[in-house]
Amino acid sequence: MRHPLVMGNWKLNGNKHMVNELIEGLRKELSTVDGCGVAIAPPALYLDQAKHAISGSHIALGAQNVDVNLSGAFTGEVSADMLKDIGAKYIIIGHSERRTYHKESDEFIAKKFAVVKAAGLVPVLCIGETEAENEAGQTEEVCARQLDAVLETQGAAAFEGVVVAYEPVWAIGTGKSATPAQAQAVHKFIRDHIAKKDATIANQVIIQYGGSVNDKNAAELFTQPDIDGALVGGASLKADAFAVIVKAAAAAKK
């Protein structure tokens with residue numbers, strides 16, 4: 001049986017004081033919550049500090065990016081082995097901001113996926129369409145292409161224990177969010193697409209929704225059968241708002 005996962009992507013935000021204060025708030029707010037996985041993805045610079053701050057809690061550590069190389073002359077990069085060594089469990093790959101600002105292709109993201117899996121870590125594979133693609137009716141085509149970059153090179157078995165995050169690009173940081181029905185339709189398509197290769201694995205893949213998820217709209221999203229939690233941006237920087245989202249996910253799936 002799938003359990004929801006709510007993960008906070010802090011993006012390029014934070015400082016040493018904020019890391020401690022936010023995690024202290026999360027520990028208090030979430031101390032009695034069960035039935036929902038919780039993870040945070042601070043900037044790489046603060047991963048070690050965050051790991052110590054979450055020690056003894058059920059909050060897992062995630063990272064926002066990873067390189068395809070494990071070592072060598074790759075200035076400024078961070079490897080999967082390093083992230084594992086420091087205590088990270090989840091690694092976000094394919095986020096639309098990486099695809100857009102850093103020109104990361106589907107093929108390059110598939111390489112990252114393989115590296116993360118080989119290290120024994122959990123890829124959080126972000127997929128989703130732009131506003132123009134959405135308006136052109138290409139949502140399913142785009143999501144299928146982004147999934148196929150992994151499915152066709154690594155097989156459906158590679159999705160065992162993996163998280164997929166559907167994040168419509170037009171909804172990220174815009175205040176716009178897909179309606180629960182819209183999001184559910186795409187989530188069902190994603191699960192069905194993986195099921196064409198392996199129905200058993202498709203049924204256990206966690207598919208998060210991301211895109212302006214907040215404490216006001218989360219509960220309704222989580223009532224949908226194929227929405228397994230959320231990848232949260234701005235709202236993850238506020239302990240009370242993030243906790244409401246986690247509690248909503250836990251309550252919806254009981």
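A residue counts as exposed when its relative accessible area is over 50%, as buried when that value is under 20%, and as partly exposed in between. With this scale in hand, and keeping in mind that the model is predicted, select K103, which is exposed because its relative accessible area of 68% lies over the 50% cut-off.

Staying on K103, display the backbone: the residue sits in the loop between α4 (96-101) and α5 (106-118), and its phi is positive, at about 55 degrees, although K103 is not a glycine.

For a second residue with this backbone feature, move to S212, a residue other than glycine whose phi is near 60 degrees and thus positive. S212 also belongs to a loop, here the one between β7 (206-209) and α10, but with a relative accessibility of 17% S212 is classed as buried.

Now turn to the charged side chains. Side chains of opposite charge can pair when their charged atoms come close. The structure holds 13 salt bridges, and the stops that follow visit some of them.

Select D106 together with R99, whose side chains form a salt bridge with an N to O distance of 2.7 Å. D106 is buried, its relative accessible area being 13%, and R99 is likewise buried, with a value of 16%.

Next, select D228 and R191, where the side chains meet in a salt bridge of 2.8 Å, again taken from N to O. This pair joins distant parts of the chain, since D228 lies in the loop between α10 (218-222) and β8 (229-232) while R191 belongs to helix α8 (residues 180-195), the two being 37 residues apart. Both D228 and R191 are buried.

Keep D228 and R191 on screen and add R2 and D226 to the selection, in order to see the wider arrangement: R2, R191, D226 and D228 are linked in a network of salt bridges.

As a last stop, select K216 and D215, which form a salt bridge whose closest N and O atoms are 3.6 Å apart. How exposed is each partner of this pair? K216 is exposed, with a relative accessible area of 71%, whereas D215, at 30% relative accessibility, counts as partly exposed. Colouring by relative accessibility would therefore place K216 in the exposed class, its 71% being over the 50% cut-off, and D215 in the class between buried and exposed, its 30% being neither under 20% nor over 50%.

Definitions and conventions
Residues are numbered from 1 along each chain as its sequence is written. This is a predicted model: local features need pLDDT of at least 70, side-chain atom pairs count only at pLDDT 80 or more; totals for chains, interfaces and linings use all residues. Side-chain values use heavy atoms; hydrogens and water are left out. A salt bridge is a side-chain nitrogen of Lys or Arg within 4 Å of a carboxyl oxygen of Asp or Glu. Buried means under 20% relative accessible area, exposed over 50%, partly exposed in between (1.4 Å probe, protein chains only). Helices (H or I, at least four residues) and strands (E, at least two) are DSSP runs, numbered from the N terminus.
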